[in-house]
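Thanks for taking a look at this one with me. My notes follow as numbered points, starting with a small local question and then moving outwards.

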Amino acid sequence: MHDTGTGSTGRPGNTARPARRTVLAATAALTAALATQGAGTAQAATRHDDKRLRSLISRMTLEEKVGQLFVMRVYGHSATAPDQADIDANLKEIGVRTAAELVAKYRVGGIIYFAWAHNTRDPQQIADLSNGIQRASLQQPRGLPVLVATDQEHGIVCRIGKPATLFPGAMAIGAGGSASDARTLGRVSGAELRAMGVNQNYSTDADVNVNPANPVIGVRSFGADPDAVARLVAAEVRGYQGSRVAATAKHFPGHGDTAVDSHYGFPVITHSRELWEQLDAVPFRAAIRAGIDSIMTAHIQFPALDDSGDPATLSHPIVTGILRGELGYDGVVITDSLGMEGVRTKYGDDRVAVLALKAGVDQLLNPPSLDVAWNAVLTAVREGELTEARLDESILRVLRLKARLGLLDEPYANPSGVAREVGTPAHLAAADRIADRTTTLLVNEGRLLPLSRRSHRRLLVVGADPASPSGTTGLPTGVLAAALTELGFTATALSTGTAPSAATVDKAVAAAQDADAVVVATYNVTAGSAQQTLVRRLTATGKPVIAVAVRNPYDVAQLPTVPAFLASYSWTDVELCAAARVIAGRVRPRGKLPVPVRRADDPATTLYPVGHGLSY
């Protein structure tokens, strides 16, 4: 689908390549100078360059300045002609009909794409939407290009799906342990995002996941070893920079040790300052050394760093004192979504945006009500709580980033770039090769794996079928069954869900009688859960059972009777097909645990340490 295309709708639009426009001709030399600086230059704008950017800022109205600080959601596949349901949603939530109207009314500096907002139907449509947004912004007086952003972490958080290339997620990359693979992921993903007009990615996750009960980070983290996480964070950041997409390290000062999801609650991190330095800070320091373009704050309370009870997003001691002062970071700081409960617990929505700016943040992401937040900032400046000079500091950082990305010179995506870059055979093959290095074999009693097609031809695949992260990949049981069938087995899928009923368990046990072996996809198994019962009942049949943890590798601790256990770290096709190739012996397992697995009955005891991983 096209943004305001000349296709079936007959509306004039932007499916043809936009005429190349040099935005703000006075900045062309600046853009060229910044472009030659290459990767690792997040704070490399010189004072001479800043003088030119300050000149742009000096011509902006106060309202335009306030707008530059916001990054906002908007519904619709088109900047000017979205579907009626999306127009209705925009009117209800934002008070505008379209993305173009949003940009014109609030002069926002950024837009964030979501699949649920219908921004990401297909790559060509995404490129057209991006170009429509840029055109709408540049048509305004003193118009500036927009930072178009999304959360394309890969693995379990992915806003843009097939036919774009989907890679294994962070913990899978951590299991592979290859900095080269992390850099390739960033380079390829960045090239595809840039071709679709997305120039800022809210990835990579720099959290060190040391809490198995973490409900919000988990497999989004590279692992539990801060040095290993730091190495992979830096590599992925450099990959994105090589494709001229801004990477974002998140969630500062570290969200890896919490049992509370900040989307729905207000987590408290109890690490000491010393532990923070040794654990949480390490990957962020590495990201800064790599020239990270932006850092996202966490809506967490961290008393050792700030005992005020404020979330880190609103903490001047954390954002300005530690991140900017101690760590020496002068790039863009962006909040996590301001619609999350973790930042709304203590203050009202009208105060949150103002307090974030007072803390030292530059970009305000996705407030629940843009009108409330935008006017609160405007009022704070007019009444003297915030100075216009304080806004100018953040706008300068945002403009430095836009210049460094080349947006001041060429803001548009080349429509021909989609076919040339997105989901190419070479990119898909790279994702498969990387996935083959991530699958982790934790248990293999009696050398059950690899399965022989002669002795175990008939396979039953049962288990959990969580929804596709991007909405474009298949149900895990179906994907595994299809992949195993393609590899020479006769595999049948039977979805039993994350909480199978007694009747469903009975059905699976009955179906196992006709199989030579059973593959079970597990998803966050807990003590006494129905998934645990399912696996126990299946192993009691005497049929060989292979469990594949499609999210947390910690499932293995809850399944002591299973004779073979693999961790894929996510349930998207690329990881599941790699697991199938390991089961079939097409490739050998090479992944190593990037997190320790504790005993279920004695969490103080390690069952499988970091680095554990069998092979054949």
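1. Leaving aside its neighbours within four places in sequence, which residues is serine 137 in contact with? They are Val103, Gly143, Leu144 and Val146, where contact means heavy atoms within 4.5 Å. Before going on, please keep in mind that this is a predicted model, in which local features need pLDDT of at least 70, side-chain atom pairs count only at pLDDT 80 or more, and totals for chains, interfaces and linings use all residues. Residues are numbered from 1 along each chain as its sequence is written, and side-chain values use heavy atoms, with hydrogens and water left out.

2. Staying with this residue, serine 137 is found in helix H6, residues 123–138. Helices here are DSSP runs of H or I with at least four residues, strands are runs of E with at least two, and both are numbered from the N terminus. Serine 137 counts as buried because its relative accessibility is 5%; the cut-offs are under 20% relative accessible area for buried, over 50% for exposed, and partly exposed in between, with a 1.4 Å probe and protein chains only. Its side chain reaches the backbone oxygen of leucine 144 at 2.5 Å, and Leu144 is also one of the contacts named above.

3. Arginine 142 sits in the loop between H6 and strand S3 (147–150). You may want to look at its backbone: arginine 142 is not a glycine, yet its phi is positive, about 55°. Its relative accessible area is 39%, so arginine 142 is partly exposed.

4. A second arginine deserves the same glance. Arginine 447, also not a glycine, has a positive phi of about 50° and is found in the loop between strand S11 (440–444) and S12. This arginine counts as exposed because its relative accessibility is 75%.

5. Now the chain as a whole. There are 22 helices and 18 strands. The radius of gyration is 25 Å, close to the 25 Å that the globule rule gives for 616 residues, so the chain is as compact as a globular protein of that length. That radius is taken over C-alpha atoms, and the rule is 2.2 Å times the number of residues to the power 0.38. The C-alpha trace spans about 75 × 60 × 45 Å along its principal axes.

6. On packing, 63% of the 616 residues are buried. Taking contacts between residues at least 6 apart in sequence, 76% join residues at least 24 apart. The chain exposes about 20,900 Å², of which carbon and sulfur atoms supply 51%; areas come from the Shrake-Rupley method with a 1.4 Å probe.

7. Is helix H11 (residues 281–289) largely enclosed or open, and why? Seven of its nine residues are buried, so H11 is largely enclosed by the rest of the structure. The buried ones are Ala281, Val282, Pro283, Phe284, Ala286, Ala287 and Ile288. Their cover includes helices H9 (226–242), H10 (273–278) and H12 (316–326), along with strands S7 (248–252) and S8 (294–297). Just after H11, glycine 291 takes a positive phi of about 85°.

8. Leucine 305 belongs to the loop between S8 and H12. Its relative accessible area is 9%, so leucine 305 is buried. Not counting residues up to four places away in sequence, leucine 305 touches Pro253, Arg273, Trp276, Pro317, Ile318 and Ile322. For one of these, arginine 273, the C-alpha to C-alpha distance from leucine 305 is 6.5 Å, with the two positions 32 residues apart in sequence numbering.

9. Two cis peptide bonds are worth a look. One runs from phenylalanine 252 to proline 253, with omega near 10°, and proline 253 is found in the loop between S7 and H10. Another runs from lysine 162 to proline 163, with omega near 10°; proline 163 lies in the loop between strand S5 (157–158) and helix H7 (170–176).

10. Finally, helix H19 (residues 476–486). Its buried residues include Pro476, Thr477, Val479, Leu480, Ala481, Ala483 and Leu484. The buried residues of H19 pack against strands S12 (458–463), S13 (490–495) and S14 (517–522), and against helix H22 (573–584). Just after H19, glycine 488 takes a positive phi of about 110°.

Definitions and conventions: Polar contact = N/O pair within 3.5 Å; in protein donor to acceptor, adjacent residues only side chain to side chain.
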